[in-house]
Amino acid sequence: MDYTKKAELEKLFRTSNSSNDLFDGFRIAIENKVADIDLYKTLLWNKALSPDEISMFAEKICQDFPDYSYSIYMWVGKIFSTTALLSTHYEKAMNFFMKASSKNERSAEPLLSLAGIYNKELNIPPFEDVVKAIENGLQKVDSKSSVCFALSDLYKSADNITEARKYRSLGEKYQKMNF
């Protein structure tokens with residue numbers, strides 16, 4: 001695909017208010033095998049898309065460009081976590097962060113992002129689900145100390161001082177070991 005056509009798609013993805021036009025542009029990009037992650041991130045950020053459309057486009061991008069999966073899943077998780085209104089998109093954000101984690105189990109970023117979206121007042125996503133997901137990923141990540149400190153903060157916010165201290169201590173241990 002030539003530069004002009006790609007630039008037109010980027011402008012469409014950035015400015016269109018029509019999900020039909022966005023779908024047509026997406027179809028053209030996929031059919032032409034446009035391998036540009038930033039172009040697709042621009043599309044996914046477009047406010048005209050519904051959560052279901054964002055999810056559908058993300059899955060198609062990851063299917064056609066598997067090397068983009070981690071970045072696309074993280075991007076969509078961030079979109080849903082920043083656009084969550086009245087708890088409607090926290091579960092979607094959690095799901096996409098977990099998909100990102102499954103694509104790069106050594107990265108702490110999805111687990112830290114997951115910890116960051118927990119809302120204590122509304123208990124969304126459910127505390128138990130968040131903690132379980134993070135604890136399950138802990139042994140696989142490279143930066144164990146940062147994940148332990150995030151777990152400590154989560155438990156502290158839930159007034160579980162015993163678990164908070166346990167993970168704070170474990171985080172300090174990993175920190176000394178450069179994990």
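In the predicted model, Phe23, Phe26, Tyr40, Phe57, Phe65 and Tyr68 come together as one aromatic cluster. Aromatic contacts recur elsewhere in the structure, which holds 11 aromatic pairs in total. One of these joins tyrosine 73 to phenylalanine 96 in a tilted arrangement, with 5.9 Å from centre to centre and 50° between the planes. Because tyrosine 73 belongs to helix 5 and phenylalanine 96 to helix 6 (residues 90-103), this pair ties together parts that are 23 residues apart in sequence. Both partners lie below the 20% limit that defines a buried residue, tyrosine 73 having a relative accessible area of 7% and phenylalanine 96 one of 5%.

A further aromatic pair is formed by tyrosine 155 and tyrosine 167, and here the rings are stacked, at 5.8 Å centre to centre and with 5° between the planes. Tyrosine 155 is part of helix 9 (residues 144-157), whereas tyrosine 167 is part of helix 10 (residues 161-176), so that the pair links distant parts of the chain, 12 residues apart. Tyrosine 155 counts as buried at 9% relative accessibility, and tyrosine 167 is likewise buried, with a relative accessible area of 6%. Helix 9 also contains serine 152, a buried residue with a relative accessible area of 4%, whose side chain reaches the backbone oxygen of alanine 164 at 2.8 Å.

Aromatic rings are also approached by charged side chains. Lysine 99 lies over the face of phenylalanine 96, at 5.0 Å from the ring centre, and phenylalanine 96 is the residue that forms the tilted pair with tyrosine 73. In a second case, the charged end of lysine 173 sits over the ring of tyrosine 174, at 6.0 Å from the centre of that ring.

A polar contact of a serine side chain is found in a loop as well. Serine 16 is located between helix 1 (3-15) and helix 2 (19-31), and with a relative accessibility of 10% it counts as buried. A polar atom of the serine 16 side chain lies 3.0 Å from the backbone nitrogen of serine 18.

The largest pocket of the model has a volume of about 160 Å³. Its lining consists of Leu44, Trp45, Asn46, Lys47, Leu49, Ser50, Pro51, Ile54, Ile79, Phe80, Thr83 and His89. When these residues are grouped by class, seven are nonpolar, four are polar and one is charged. At least two lining residues are supplied by each of helix 3 (37-45), helix 4 (51-64) and helix 5 (69-82). Helix 5 also carries tyrosine 73, the partner of phenylalanine 96 in the tilted pair.

Helix 4, which contributes to the lining of the largest pocket, also contains aspartate 52. In contrast to the buried residues described above, aspartate 52 is exposed, with a relative accessible area of 56%, a value that lies over the 50% limit for this class. The C-alpha atom of aspartate 52 is separated by 9.8 Å from that of lysine 92, although the two residues are 40 residues apart along the chain.

Methods: Residues are numbered from 1 along each chain as its sequence is written. This is a predicted model: local features need pLDDT of at least 70, side-chain atom pairs count only at pLDDT 80 or more; totals for chains, interfaces and linings use all residues. Side-chain values use heavy atoms; hydrogens and water are left out. On a 1 Å grid over the protein atoms alone, a cavity is a set of points where a 1.4 Å probe fits but cannot get out, and a pocket is an open set with protein on both sides within 12 Å along at least five of seven lines; lining residues have an atom within 4 Å of a point. Grid points are joined across faces, edges and corners, and a volume is the space filled by probe spheres set on the points. Helices (H or I, at least four residues) and strands (E, at least two) are DSSP runs, numbered from the N terminus. Ala, Val, Leu, Ile, Met, Phe, Trp, Tyr, Cys and Pro count as nonpolar, Asp, Glu, Lys and Arg as charged, and the others, Gly among them, as polar. Buried means under 20% relative accessible area, exposed over 50%, partly exposed in between (1.4 Å probe, protein chains only). Rings of Phe, Tyr and Trp (its six-membered ring) pair if their centres lie within 6.5 Å; planes under 30 degrees apart count as stacked, over 60 as edge-to-face and the rest as tilted. A charge sits over a ring if NZ of Lys or CZ of Arg is within 6 Å of the ring centre and within 35 degrees of the ring normal. A polar contact is a pair of N or O atoms within 3.5 Å; within protein, one must be able to donate a hydrogen and the other to accept it, and residues adjacent in sequence count only if both atoms are side-chain atoms.
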